[in-house]
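Me: Please take a close look at one part of this protein for me, the enclosed space in its interior. I would like to know what surrounds it, and then how the remaining architecture is arranged.

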Amino acid sequence: MNIGIVCYPTFGGSGVVATELGIGLAKEGHRVHFITYSQPTRLSFFNENLFYHEVDIRSYPLFVYPPYELALASKMVDVVKYEKLDLLHVHYAIPHASAAYMAKQILATHGIKIPVVTTLHGTDITLVGKDASYEPVVTFSINQSDGVTAVSDDLKKDTYEHFDITKDIRVIPNFIDLSRFKKQKKEHFKKAICPNDEALIVHTSNFRKVKRVDDVVRVFNNVRREIPAKLLLVGDGPERKNIESLCRELGTCDDIRFLGKLDQVEEVLSVADLFIMPSEKESFGLAALEAMACEVPVISTNTGGLPELNVHGETGFLSNVGDVEDMTKNALIILDKENLPRFKENALTRAKQFEISRIMPLYEAFYEEILEQTSSVQKIR
Ligand code: GMT
């Protein structure tokens with residue numbers, strides 16, 4: 001197949017899933033064309049089946065906000081037409097699904113039919129999408145997609161609850177490449193961070209409010225009162241300054257390191273004992289899956305799709321959003337040397353259920369279904 005993938009190329013989970021999916025499909029022999037405004041972070045190597053088309057965003061004195069969606073739709077028209085794509089797969093509804101709708105209509109006037117698959121990732125539905133300023137367009141463009149997928153049952157449920165959706169939504173969960181995300185021997189790194197064999201807790205995110213990074217610091221502060229521990233914070237974003245202030249306020253700065261946006265997050269996860277994800281909303285929790293693949297148990301909230309990944313009492317524990325005391329209690333259970341090996345083993349066993357080789361065929365089968373459906377609709381007409 002000749003597939004176009006549209007995504008956010010930055011560190012967000014939707015961009016990571018889209019890029020890893022594209023790479024996986026290219027390895028299977030499909031030709032994959034990425035259409036974005038900059039080179040996706042994880043696409044920094046050569047593969048004969050991978051292509052990258054940059055969206056040109058022209059500024060003009062009249063444009064306070066350059067119309068990205070129009071530039072994207074124009075680029076999609078171009079790539080579909082000249083690269084002879086079979087299908088467009090857009091990740092994150094805003095504005096990718098509506099840009100795809102526009103491209104599809106334009107291409108129809110050239111006699112070209114292009115099926116569009118939209119994957120809903122999370123905040124495009126639970127946070128930004130349902131805001132009145134976007135909702136009508138999100139509803140319309142989801143309903144106009146030829147196929148729609150969501151990354152968890154909970155996100156599917158939320159989508160039906162908040163939007164007037166007439167389409168079937170197929171659930172295809174996030175996935176993991178276990179050949180990359182696996183526990184590596186990084187003892188020297190552990191020794192440098194935890195010279196006295198302290199417990200090592202890790203959190204990775206884009207430091208948006210929805211991630212509640214302050215809860216990570218509060219849980220850590222409580223844990224550290226009971227046992228020697230260190231905390232590594234990976235990623236960066238708007239809340240970073242507030243988190244730094246909180247660390248100073250709690251007097252935990254010496255035991256916390258901010259590592260910024262790391263490419264090789266699996267190296268840090270390889271030496272971690274516990275991962276904390278206290279999100280307000282989380283449609284799946286890819287970062288938690290990455291941790292589990294590196295044998296790291298997870299303390300998370302019970303929100304969104306997290307219970308579909310993190311099994312309470314087995315791979316970690318689930319708590320209500322904001323229940324720092326419960327998260328602290330659970331963290332101490334996991335970090336108990338008697339319990340830790342069992343939790344680590346269970347985390348890896350669970351992660352294996354989301355191996356890319358199990359999940360990618362679900363996307364391929366879905367593409368085939370959509371291609372078949374759209375071509376039979378064309379024949380009936
Ligand atoms: O919140 C993020 O980390 C970024 C965001 C995105 O869309 O880029 O992630 C969402 O998509 C991921 C991949 O499908 C999911 O694993 C995350 O749970 C989801 N984030 C939220 O729902 C908050």
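Reply: Helix α1 makes the largest contribution to the lining of the largest cavity, supplying three residues. This helix spans residues 13–27, and α11 (286–293) likewise supplies at least two residues of that lining. The model is a predicted one, and the volume computed for this cavity is about 90 Å³. Its lining includes Val 16, Val 17 and Glu 20, together with Leu 286 and Glu 290. Also among the lining residues are Phe 175, Ile 176, Asp 177, Arg 180 and Phe 181. Arg 42 and Ile 356 complete the set. In terms of residue class, seven of the lining residues are nonpolar and five are charged, while no polar residue is present.

A search of the whole structure yields two cavities of 30 Å³ or more. The second largest has a volume of about 30 Å³. Here α3 (93–109) and α5 (135–144) each supply at least two lining residues, and α3 gives the most, with four. The residues around this second cavity are Ala 97, Ala 100, Tyr 101, Lys 104, Val 116, Ser 141, Gln 144 and Ser 145. By class, this lining comprises four nonpolar, three polar and one charged residues.

The sheet may be described next. Strands of a sheet pair through backbone hydrogen bonds, in either a parallel or an antiparallel sense. In this model, seven strands form an open sheet with parallel pairing, and their order is β3-β2-β1-β4-β5-β6-β7. The edges are formed by β3 (50–54) and β7 (169–171), each of which pairs on one side only. Neighbouring strands of the sheet are turned against each other by 25° on average, with direction ignored.

At the β7 edge, the pairing can be followed at the level of residues. Strand β6, residues 147–150, joins β7 in the parallel sense through three bridges. Within this pairing, Ala 150 has Val 171 of β7 as its bridge partner. Helix α6, which covers residues 153–162, lies across β5 (116–120), β6 and β7. The direction of α6 is at about 160° to that of β7.

One residue links the sheet to the account of the cavities: Val 116, which lines the second largest cavity, falls within β5 (116–120), one of the strands that α6 lies across.

Technical notes
Residues numbered from 1 in each chain as written. Predicted model: local features only at pLDDT ≥ 70, side-chain atom pairs only at ≥ 80, totals over all residues. Heavy atoms only, no water. Pairing = 2+ DSSP bridges. Axes fitted to C-alpha atoms, helices over the stretch in contact; angles between N-to-C directions. Contact = heavy atoms within 4.5 Å. 1 Å grid on protein atoms, 1.4 Å probe; cavity = no way out; pocket = protein on both sides within 12 Å on 5 of 7 lines; lining within 4 Å. Points joined across faces, edges and corners; volume = space filled by probe spheres on them. Nonpolar A, V, L, I, M, F, W, Y, C, P; charged D, E, K, R; others polar.
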